[in-house]
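Load the model in your viewer and keep the selection box handy. We'll go stop by stop, and each stop tells you what to pick next.

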Amino acid sequence: WFTSFTRTQTTGVQAGAACATNRIDVKGIGFDSSNNLTMMVLNSGPDDVTVTSVIVTCGGTVKNNTSNLNLIVKANNQNTTTIIGTSNCANSNLGISLVAQCSKGGTTQAACPEGTCFW
């Protein structure tokens, strides 16, 4: 029993550590006519990730806090999604941070501080 338990725990810790180093990046693409934000998540890591939470800020104020996104981004790939209700924000004031779950366990995070989210 103890050997099996230890093996299970070790596997979970290793997966979590691997996910923490799974590099993801987030960038804003633009606002549509309804002031909804389209963003791109780039996954340059070896594991698929599912973005589970996104926080959008504008000038230090939270404009959107989404916790049911479930955006899947395959390993070494990218995906885009639209965040509804972000309010009109100048590119220089927009900030995005997100949390993603790795397919093998654990979580990873990405952010672009205000003023750095657009190319």
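Before selecting anything, a word on strands: helices (H or I, at least four residues) and strands (E, at least two) are DSSP runs, numbered from the N terminus. Two strands pair if DSSP finds at least two bridges between them. This is a predicted model, in which local features need pLDDT of at least 70 and side-chain atom pairs count only at pLDDT 80 or more, while totals for chains, interfaces and linings use all residues. Residues are numbered from 1 along each chain as its sequence is written, and side-chain values use heavy atoms, with hydrogens and water left out.

**Stop 1: the whole chain**

Show everything as a cartoon. You should find one helix and eight strands, in the sequence pattern α-β-β-β-β-β-β-β-β. Now switch to a surface: about 6500 Å² is exposed, and carbon and sulfur atoms supply 51% of it. Those areas come from the Shrake-Rupley method with a 1.4 Å probe; for residues, only the protein chains shown count as cover. Of the 119 residues, 36% are buried, where buried means under 20% relative accessible area, exposed over 50% and partly exposed in between (1.4 Å probe, protein chains only).

If you like contact maps, take contact as heavy atoms within 4.5 Å. Among contacts with a separation of 6 or more, 59% are between residues 24 or more positions apart.

**Stop 2: the three-stranded sheet**

Select E1, E2 and E6. They make an open sheet in the order E1-E2-E6, with antiparallel pairing. Strand E1 (24-31) and E6 are the edges, each with a single partner strand, so one side of each has no neighbour in the sheet. From one strand to the next, the twist averages 20°; axes here are lines fitted to C-alpha atoms, for helices over the stretch in contact, and angles run from 0 to 180 degrees between N-to-C directions.

Zoom in on E1 and strand E2 (residues 37-43): the two run antiparallel and are joined by seven bridges. For one of the bridges, pick Gly28 and look across to Met39 in E2.

**Stop 3: the E3-E4 hairpin**

Next, select E3 and strand E4 (residues 61-66), an antiparallel pair with five bridges. At the turn there are two residues between the strands, and Gly59 takes a positive phi near 60°.

Step back to Thr57 in strand E3, opposite Val62 in E4. Is Thr57 buried or exposed? Thr57 counts as buried, because its relative accessibility is 18%. Its side chain makes a polar contact with the side chain of Glu114 at 2.9 Å. (A polar contact is a pair of N or O atoms within 3.5 Å; within protein, one must be able to donate a hydrogen and the other to accept it, and residues adjacent in sequence count only if both atoms are side-chain atoms.) Leaving out residues up to four places away in sequence, Thr57 touches Val62, Lys63, Asn93, Leu94, Gly95 and Glu114.

**Stop 4: the E7-E8 hairpin**

Move on to strand E7 (residues 94-102) and E8, which pair antiparallel over six bridges. Gln101 has Thr107 in E8 as its bridge partner. Here the hairpin has four residues between the strands, and Gly105 takes a positive phi near 110°.

Show side chains along strand E8 (residues 107-112). They alternate: Thr108, Ala110 and Cys112 point to one face and are buried, whereas Thr107, Gln109 and Ala111 point to the other and are not.

**Stop 5: the disulfides**

Select the cysteine sulfurs. A disulfide here is a pair of cysteine sulfur atoms within 2.5 Å, and that rule gives three disulfides. Counted along the chain, the bonded cysteines follow the pattern 1-4, 2-3, 5-6.

- Cys19 and Cys102: S to S is 1.9 Å, and the link is right-handed with 80° about the S-S bond. Cys19 sits in helix H1 (residues 2-20) and Cys102 in strand E7, 83 residues apart. Both are buried.
- Cys58 and Cys89: S to S is 2.1 Å. The S-S torsion is about 95°, so this disulfide is right-handed. Cys58 is in strand E3 (residues 49-58) and Cys89 in the loop between strand E6 (77-83) and E7, 31 residues apart.
- Cys112 and Cys117: the sulfur atoms are 2.1 Å apart. The torsion of about 100° about the S-S bond makes this disulfide right-handed. Cys117 is buried, with a relative accessible area of 0%.
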